[in-house]
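Okay, thanks for having me. Let me put the model up, and then I'll walk you through how its helices and chains pack.

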Amino acid sequence: MSYLAAIASLKEVRGAVVGDLSGRFHEGIGEEDGEAVAAAFGFVASSLAQAGAQLGLGALRIVSVASEAQAHLVLVRGGSVVTARVDVGGRSLASLEKVLDASLKGEG
Amino acid sequence: VDSILHGLMELVGVRATMVLDPAGQIVAWRGHAAFDRSLCERVGGVVTKAIESVHLQDAGWETISAQFANGRILVRRVSPSDGPGHVLAVVADPSLNPSFATVALRVAASKVRTAAEGGAPPPAAGAQPGVFRTSAGGEAADPASAEFLARCVKELARHVGPISKVYVQEAVSRVSPGAPFSLAAARLLVEDLSGQIEDAADRAQFRKGVLEKR
């Protein structure tokens, strides 16, 4: 199963995009403008990876962006950036991170 | 603000904490030795670029958490505004409890917002006689000095925004350490505050605005 199929099968996920660290769009589902999502969060991931490298924090794994209404979870796997727009629905972001992280184990 | 950052530093796992302005410049900072101000300034610039990109996609964002193999970066918006605004950022090692840190960051951001927007606490019971609690959030020796501080906050805000109140409070603690501010230190205070304004013409306008109205 691909990253996209694995993520999109989760009930909390409303939209998902697979791109890369240079912001290129590969595939997506449930997003009106998947290319914009891939570009924005590809840049977010590459910038934060750079910040982490400067701080000696090692490889970037997950970025969570939360607002009152929704959250975006960005999972970095090698050069791939998987962005999922999720309905938090009262759950903690940490638990959703674990669910999405586990869903990508062995995928790609 | 310094005491708020100090409080965050007491959380297990926190290695550095800072307040960044919308341009990615450090407004306040505390960190362990390996996370010195220079490093945090470089990182702040990079993180701010990420924030700008997030803002384009979700203008209502409140928090960003980046999990790395050996630690985390947590960012919280200080106040909702039209632009990305000021943010509070924490760098932590893997021993950080993220749920606990999220709550602590929310509380700290609220305190920074209060300090920046004018919510100074009411005078404490038993406050010294002859000391005036100012609308700028500090203490002044007399009403004229309190009025001068308020004018500094207002004039500086024209150039740096609502964080001006924090700048004035910090400058007062430098030019008048351990004592209520008085007009005798006015020029010293204005020179100190001028350092927060990058443009020379704006600096001159600020000096003129506060000193000529005395």
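Quick convention before the packing: angles under 35 degrees count as roughly parallel, over 145 as roughly antiparallel, 65 to 115 as roughly perpendicular and the rest as oblique. This is a predicted model, with local features needing pLDDT of at least 70 and side-chain atom pairs counting only at pLDDT 80 or more, while totals for chains, interfaces and linings use all residues. Residues are numbered from 1 along each chain as its sequence is written, chains are lettered from A and ligands numbered from 1 in the order written, and side-chain values use heavy atoms, leaving out hydrogens and water.

Let's start between the chains. Helix 2 of chain A (residues 34–55) packs on helix 2 of chain B (residues 37–57) at about 165°, axes 9 Å apart. Helices here are DSSP runs (H or I, at least four residues), numbered from the N terminus, and axes are lines fitted to C-alpha atoms over the stretch in contact, with angles from 0 to 180 degrees between N-to-C directions. So helix 2 of chain A and helix 2 of chain B are roughly antiparallel. The contact (heavy atoms within 4.5 Å) includes A:Phe41, A:Phe43 and A:Val44 on one side and B:Val43, B:Val46 and B:Val47 on the other. Its residues split into 15 nonpolar, five polar and two charged. For that split, Ala, Val, Leu, Ile, Met, Phe, Trp, Tyr, Cys and Pro are nonpolar, Asp, Glu, Lys and Arg charged, and the others, Gly among them, polar.

Now the whole interface. 28 residues of chain B touch 30 of chain A. The buried area (accessible area, 1.4 Å probe, that two parts lose on being put together, summed over both) is about 2400 Å², with 65% from carbon and sulfur atoms. On the chain B side, B:Gln57, B:Gln67 and B:Phe68 lose the most, together 24% of what that side buries.

How many salt bridges does the rule find across the interface? One, where the criterion is a side-chain nitrogen of Lys or Arg within 4 Å of a carboxyl oxygen of Asp or Glu. B:Arg72 and A:Glu97 form a salt bridge at 3.9 Å, N to O.

Last stop, inside chain B. Helix 5 (residues 164–175) and helix 6 come within 9 Å and cross at roughly 130°, which makes them oblique. Their contact residues are eight nonpolar, no polar and two charged. Helix 6 (residues 186–194) then packs on helix 7 (residues 200–211) at about 155°, axes 10 Å apart, so that pair is roughly antiparallel.

Technical notes. Helices (H or I, at least four residues) and strands (E, at least two) are DSSP runs, numbered from the N terminus.
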